[in-house]
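Biologist: Before I trust any label on a model, I want to hear the rule behind it. Can we go through them one by one?

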There are 2 protein chains.
Amino acid sequence: MRRLNSADVLTALYTQGPRTLTEISAETGLSRPTVEDVVEAFVRDRIVRELPPEPGSTGRPARRFRFAADGGFVAGIDIGVHKVLVVLADLEGEVRRVRRTTVEPGSGRAERLTAARETLAGCLDESGIPPGRLRAIGVGTPGVVQDGVVTLCTVLPGWSGLDLAGALTTAPADPAGAVPPVDGTGLPVIVENDANLATIAEHWRGAARDVRDAVCVLAGNRVAAGVIIGGRLHRGHRGGAGELGLLPVLRWEGAPDRLLAACPGSGDLAAVFAAARSGDARASAAVAGFTDDLATGTAALLLAVDPAAVVVGGGLSRAGDLIAEGLRDRLAALCPPPPEVRVSTLGDEAVATGAVHIALERATAGLFPDGLPIGSLPTR
Amino acid sequence: MRRLNSADVLTALYTQGPRTLTEISAETGLSRPTVEDVVEAFVRDRIVRELPPEPGSTGRPARRFRFAADGGFVAGIDIGVHKVLVVLADLEGEVRRVRRTTVEPGSGRAERLTAARETLAGCLDESGIPPGRLRAIGVGTPGVVQDGVVTLCTVLPGWSGLDLAGALTTAPADPAGAVPPVDGTGLPVIVENDANLATIAEHWRGAARDVRDAVCVLAGNRVAAGVIIGGRLHRGHRGGAGELGLLPVLRWEGAPDRLLAACPGSGDLAAVFAAARSGDARASAAVAGFTDDLATGTAALLLAVDPAAVVVGGGLSRAGDLIAEGLRDRLAALCPPPPEVRVSTLGDEAVATGAVHIALERATAGLFPDGLPIGSLPTR
């Protein structure tokens, strides 16, 4: 019971920002003495901090408290085909620093791991956050992930079978890239499929914040999807929920290649979308074909899960509005009545943002037994 | 807190059968005095009954109690293309009586409603259960159902737009078919899509009892599916989860017709399967094609949801083993590693059994705030 009261009080401070004891009591339904006991225990543990009295208040001002967001930090790492992206955040999820490194698609396992370590170390260095204050690391990767191991990955060379959590926990040869241990016990590293992380991010602080059932379709150099059911990521029995690219008839597999092949010499996918936007007929037709391909698999996913909304994101997210427009038309024909199609608001930081979320969940697991309270950023 | 204790005690009696106070205390972790208080309150309310002392016991025998399963009854009604099937059960879900009526596929709305009412009235009559002791009615129907209304149904003539819950609550012209009111307040009638009910039934007491995530594919005169996620039916935002038949490329739509067309003059689907089983080459090829069709949509559903098991059921359930065998092969190729394919154990009573389950949930909603405890039938 005491543990539940504590979680309620902390959730109020975490999601609502600075609060007086009276306000917390009103929001949680707990008595003021109980709230006071709980808050003072948190203050002793440095999880909650008392704020200085507001200037200009007369008489005896009400004491105000806030969650100690800088009591620790987490990192979210997106290890992709073309880049490594690291996002450092405090315990409220507020972003403190972002660092990006370009990686060649053909890079091998060691090279990509080194890039991940160096980007993390560089980001920590730039942020001024001492490595010892990291509490957890979340990592996103293409492929099927089970218990920190990438069991199958067709897009990153040498990646299948990699114990990614283990590889990032173990200190590499170059000490500059070392993942810092915390209290000598080693830092928790949680690995998850990148589409799943982007989906978590859209539900946490993106385009799917207001719904409990959603699917996110991620279009880029490959097409993937993630599924939110009942407000939580649905991973599936083997971590494979949303992997519709495996069924050729659904046309996700190879769709980006067909788009490029329809516009030879155009460069990359982004260039084709830019050309379509500026009215190029061949590029427009190619984009229409790509959207058709996307719609087939998306319709199957919608019919299977029947979510409240579809979010379009991924590496092509700057083209999200173009894709979403085409998808709306085609989905309305394939699975009426038309579902709500939304465009990702997180751009290409979605995967790293989801990685921050799973790292936060781990770092605060003892504080929030029911999982990280989802909500907008607290007002300061 | 008292309400939670009560639910725990009742759950132990409901799922485990007759119990002494000491046994209930051990199973719930509640103190013996608390258990005794709760049980005696239930006895006063006639929800729990004390059993007579066991014969042959010496000294002062321990008092034994059981859930009063006959404190009320529920009906599950399957309104299908060819039949109406009514299952009457007590509050533990034990079946008391089953009654079946054949209906012509071309029958209109009034005719089918009359058949439903008359089958229910006849079943009650045969069972000797006074109509006034019914506590709730669950109804299964093809089509999309929202709040008791069949919003869309392509297989039953005149069925789209029908307020089925209202139609069964309102007394018809013929008093013999009247759905009896309870306490003058009208009986709760809960309507659900038939595939969803069959899926609930497989999870309740069929082939998916041991898993928390499952899909059920129902093959008959049409192909449909239901989805269980986290141990509960996933209906979807508009009640449409699992409706893959709407996407032609997935080949569920029309699959039964193609099977029949491949064996002209063979009669019905059951006859084609019987011929295939006895070695008829043309029928075997037709069944292989049907299984291929089934596998395409099933693979999409598996990739979307990634369940622990697929259950094959529906009107062709006597052919379930033949279908399951073919499905296993094809799914292993379409979405490796192969998922577990199981055959329904409920035959063509699956929909009515699921209807019993939703009626029981309603009838016992005040007793089990977290929903009906799922488990095997109590031992008597």
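The turns below take up the two chains, then the domains of one of them.

Modeller: First, the ground rules. This is a predicted model, where local features need pLDDT of at least 70, side-chain atom pairs count only at pLDDT 80 or more, and totals for chains, interfaces and linings use all residues. Residues are numbered from 1 along each chain as its sequence is written, chains are lettered from A and ligands numbered from 1 in the order in which they are written, and side-chain values use heavy atoms, with hydrogens and water left out.

Biologist: What makes the relation of chain B to chain A that of a two-fold axis?

Modeller: A turn of 180 degrees with a shift of 0.0 Å along the axis lays chain B on chain A, at an RMSD of 0.1 Å. The fit is by least squares on the C-alpha atoms of residues with pLDDT of at least 70 in both copies. Therefore the relation is that of a two-fold axis. The same surface serves both copies, since 100% of the contact residues of chain B recur in chain A.

Biologist: How do you know which residues are in the contact, and how many does each chain give?

Modeller: Contact means heavy atoms within 4.5 Å. By that rule chain A gives 33 residues and chain B gives 33 residues.

Biologist: What is the area buried between chain B and chain A?

Modeller: The size of an interface is often given as the accessible area lost when the parts come together. Buried area is what two parts lose on being put together, with a 1.4 Å probe, summed over both. Here that is about 2,500 Å², with 63% from carbon and sulfur atoms. On the chain B side, B:Arg238, B:Leu303 and B:Asp306 lose the most, together 26% of what that side buries.

Biologist: Why is the pair B:Asp306 and A:Arg238 called a salt bridge?

Modeller: The rule asks for a side-chain nitrogen of Lys or Arg within 4 Å of a carboxyl oxygen of Asp or Glu. The closest N and O atoms of B:Asp306 and A:Arg238 are 3.5 Å apart, so the pair is a salt bridge. Across this interface the rule finds two salt bridges. Over all chains the count comes to 44.

Biologist: Why does A:Arg32 with A:Glu36 pass too?

Modeller: Their closest N and O atoms are 3.6 Å apart, so this pair also meets the rule. Both sit in helix α3 (residues 32-44) of chain A, and being four residues apart they are separated by about one helical turn. A helix here is a DSSP run of H or I, at least four residues, and a strand a run of E, at least two, numbered from the N terminus.

Biologist: What are the domains of chain A?

Modeller: The bounds come from an automatic or database domain assignment. It gives domain 1 (2-67), domain 2 (72-196 + 350-363) and domain 3 (207-345).

Biologist: How many residues put domain 1 in contact with domain 2 in chain A, and how much area is buried?

Modeller: Four residues of domain 1 touch four residues of domain 2. The buried area is about 280 Å², with 46% from carbon and sulfur atoms. In domain 1, A:Tyr14, A:Arg66 and A:Phe67 lose the most, together 97% of what that side buries. The salt bridge count between these two domains is zero.
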